[in-house]
Amino acid sequence: MKYIRCKDRTSGTDCGEFFYKDCPINWQLYNGNCYFFSQTTLSWANSRSSCQASQADLVIISNMKEQLFIRSSRKASFYWIGLTDQDRENGWKWVNGCMLQQQEAFWNSEQPDNVEGKEHCATVGSYEYCGSPKDWNDDRCEKKYKFICEKELEDRKMDFNLGNTELDNG
């Protein structure tokens with residue numbers, strides 16, 4: 001939800017500059033965060049770098065509602081998410097450093113399986129069974145898939161004279 005506020009926090013007076021929170025163009029708003037579903041395919045590491053270049057990171061899926069949002073928003077394809085066990089086998093960790101809690105996992109049946117000991121990055125969008133929301137799969141990190149970025153809402157400056165907005169970089 002968008003809202004307006006004064007950016008000048010040092011004075012108690014009307015500062016004349018107002019901002020609202022919004023997602024960048026081509027990003028989707030869900031539950032206070034912005035999500036980008038790429039159309040290009042990259043390796044897991046390059047996908048993460050692409051997200052970081054947009055002041056975001058690969059998506060962290062923290063509950064069933066977010067998992068269902070991701071599932072309903074993506075096209076029928078595989079997407080990298082911000083989950084890996086590259087540091088320690090079966091030590092699945094999100095890009096923010098938090099360990100995956102088993103009760104928060106949405107692994108597809110018989111996943112993760114670490115085929116040939118070389119699957120250390122997670123995707124969503126694997127083979128779906130009878131509408132189950134469990135569609136995570138582990139795969140080789142160097143494979144090229146689409147990816148999902150996530151970031152917080154951004155401040156955008158309101159221009160009352162022109163009716164336009166511009167990104168606030170301050």
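So, to kick off: is C98 buried or partly exposed? C98 is partly exposed, because its relative accessible area is 42%. On that scale, buried means under 20% relative accessible area, exposed means over 50%, and partly exposed sits in between, with a 1.4 Å probe and protein chains only.

Before I go on, a word on what we're looking at. This is a predicted model, where local features need pLDDT of at least 70 and side-chain atom pairs count only at pLDDT 80 or more, while totals for chains, interfaces and linings use all residues. Residues are numbered from 1 along each chain as its sequence is written, and side-chain values use heavy atoms, with hydrogens and water left out.

Okay, the overall layout. The chain has 12 strands and two helices. Those are DSSP runs numbered from the N terminus: H or I of at least four residues for a helix, E of at least two for a strand. If you walk along the sequence, you get β-β-β-β-α-β-α-β-β-β-β-β-β-β. The chain has 170 residues, and 43% of them count as buried. As for the surface, about 9900 Å² is exposed, with carbon and sulfur atoms supplying 48% of that; the areas come from the Shrake-Rupley method with a 1.4 Å probe, and for residues only the protein chains shown count as cover.

Now contacts, meaning heavy atoms within 4.5 Å. Take the contacts in the chain with a separation of 6 or more: 66% of them are between residues 24 or more positions apart.

On to the cysteines. How many disulfides does a search of the whole structure find? It finds three, counting a pair of cysteine sulfur atoms within 2.5 Å as a disulfide. In general, a disulfide is a covalent bond between the sulfur atoms of two cysteines.

Let's start with C23 and C34, which are joined at an S to S distance of 2.1 Å. That link is left-handed, with -95 degrees about the S-S bond. C23 is in the loop between strand 2 (18-22) and strand 3 (28-30), and C34 is in strand 4 (residues 33-37), so the pair ties together parts 11 residues apart in sequence. Both C23 and C34 are buried.

Next up, C51 and C149, with their sulfur atoms 2.0 Å apart. This pair links distant parts of the chain, 98 residues apart: C51 is in helix 1 (residues 44-53) and C149 is in strand 10 (residues 146-152). The link is left-handed too, at -85 degrees about the S-S bond. C51 counts as buried because its relative accessibility is 0%, and C149 counts as buried at 2%.

Then there's C121 and C141, with sulfur atoms 2.0 Å apart. Here the link is right-handed, with 95 degrees about the S-S bond. C121 belongs to strand 8 (residues 121-124), while C141 is in the loop between strand 9 (136-139) and strand 10, 20 residues away. C121 is buried, with a relative accessible area of 0%, and C141 is buried at 13%.

Last stop: T84, in strand 6 (residues 79-84). What is T84 in contact with, leaving aside its neighbours within four places in sequence? The answer is W44, G91, W92, K93, H120 and C121, and we've just met C121 in a disulfide with C141. A polar atom of the T84 side chain also lies 2.6 Å from the backbone oxygen of H120. And T84 is buried, because its relative accessible area is 13%.

Methods: Polar contact = N/O pair within 3.5 Å; in protein donor to acceptor, adjacent residues only side chain to side chain.
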